[in-house]
Amino acid sequence: MAETIIETPRLRLRTWEEADIAPLLAICRDPKVMEFLGPLQDEAVIRAAIARQRAHQATLGHCYWVIERKSDAEMLGFCGIQPEPKGTPIAGLPDIGWRLGFVHWGKGYAREAAQASLDWGFANLPDDAIWAITVPANVRSWGLMERLGMQRHHDLDFDHPNMPDGSPLKRHIAYSIARPTS
């Protein structure tokens with residue numbers, strides 16, 4: 001049974017289990033979902049991604065967790081915090097990320113999961129800020145970052161090392177939110 005990390009009024013953020021492979025594969029095979037994230041993914045890539053998240057959870061105590069709707073236990077996508085990869089201006093710092101199936105967009109699930117993840121991060125991690133990155137064209141993603149109170153750092157725009165040269169997804173922008181003071 002997966003471990004629940006966070007509960008919100010509508011959602012449960014939990015650890016990964018084998019049954020999550022098929023729904024995540026469906027999400028990551030949808031061109032609408034992957035438009036600003038990279039190529040459509042196959043089962044081997046999904047299995048490797050889930051293995052990385054399990055490893056993060058085991059070693060760090062956090063990762064990008066499964067978002068599960070409480071009312072019917074449907075896996076909606078993922079959201080959580082993991083260290084930003086090497087080669088970025090915020091390497092090693094906590095990075096909040098999310099990905100939801102297209103049918104779940106526009107219902108407030110991403111914001112609910114992201115706010116809960118930020119709250120968890122500031123309650124459990126020592127960092128003074130939590131970061132997020134996306135491509136400039138991903139208006140929905142950076143729009144959510146701004147609705148969460150995150151601020152853009154224009155001086156940290158960068159070319160993502162995991163994207164090939166010439167890709168429209170090479171350029172990335174960075175946002176952060178500081179630890180609340182009160």
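Which residue just after α5 takes a positive phi? Select G149: its phi is about 95°. Keep in mind throughout that this is a predicted model.

**Stop 1: helix α5**

Now step back from G149 and pick residues 139-147, which form helix α5. Colour S141, G143, L144 and M145, the buried residues of this helix. To see what they pack against, bring up β5 (94-100), α4 (109-124), β6 (129-134) and β9 (171-178).

**Stop 2: strand β6**

Stay with β6, one of the elements that the buried residues of α5 pack against. Six of the six residues in β6 are buried, so this strand is mostly covered, given that buried means under 20% relative accessible area. Turn on the side chains: A129, W131 and I133 point one way, while I130, A132 and T134 point the other way. Both sets are buried. As a rule, side chains in a regular strand alternate between the two faces of the sheet.

Next, add β9 to the selection. β6 and β9 run antiparallel, and six bridges join them. For one pairing to zoom in on, take T134, whose bridge partner in β9 is I173.

**Stop 3: the loop at A73**

Go to the loop between β3 (64-69) and β4 (75-83) and select A73. Check its backbone: phi is near 65°, a positive value in a residue other than glycine. Most residues other than glycine have a negative phi. Is A73 buried, exposed or partly exposed? A73 has 46% relative accessibility, so it counts as partly exposed.

**Stop 4: α1 across α3**

Select residues 21-28 for helix α1 and residues 43-60 for helix α3. Their axes come within 10 Å and cross at roughly 120°, which means the two helices are oblique to each other. The crossing of α1 past α3 is right-handed. For the contact itself, show I21, L24, L25 and C28 on α1, then E43, I46, R47 and I50 on α3. Colour that set by class and you get six nonpolar residues, two charged ones and no polar ones.

**Stop 5: D30**

Finish in the loop between α1 and α2 (31-34), where D30 is found. How much relative accessible area does D30 have? The value is 16%, so D30 counts as buried. Leaving out residues up to four places away in sequence, D30 touches L40 and F102. Select both alongside D30 to see these contacts.

Note on methods
Residues numbered from 1 in each chain as written. Predicted model: local features only at pLDDT ≥ 70, side-chain atom pairs only at ≥ 80, totals over all residues. Heavy atoms only, no water. Buried < 20%, exposed > 50% of the residue type's maximum accessible area, 1.4 Å probe, protein only. Helix = DSSP H or I, 4+ residues; strand = E, 2+ residues; numbered from the N terminus. Contact = heavy atoms within 4.5 Å. Pairing = 2+ DSSP bridges. Axes fitted to C-alpha atoms, helices over the stretch in contact; angles between N-to-C directions. Parallel < 35°, antiparallel > 145°, perpendicular 65-115°, else oblique. Left-handed = near helix turned anticlockwise from the far one by under 90°. Nonpolar A, V, L, I, M, F, W, Y, C, P; charged D, E, K, R; others polar.
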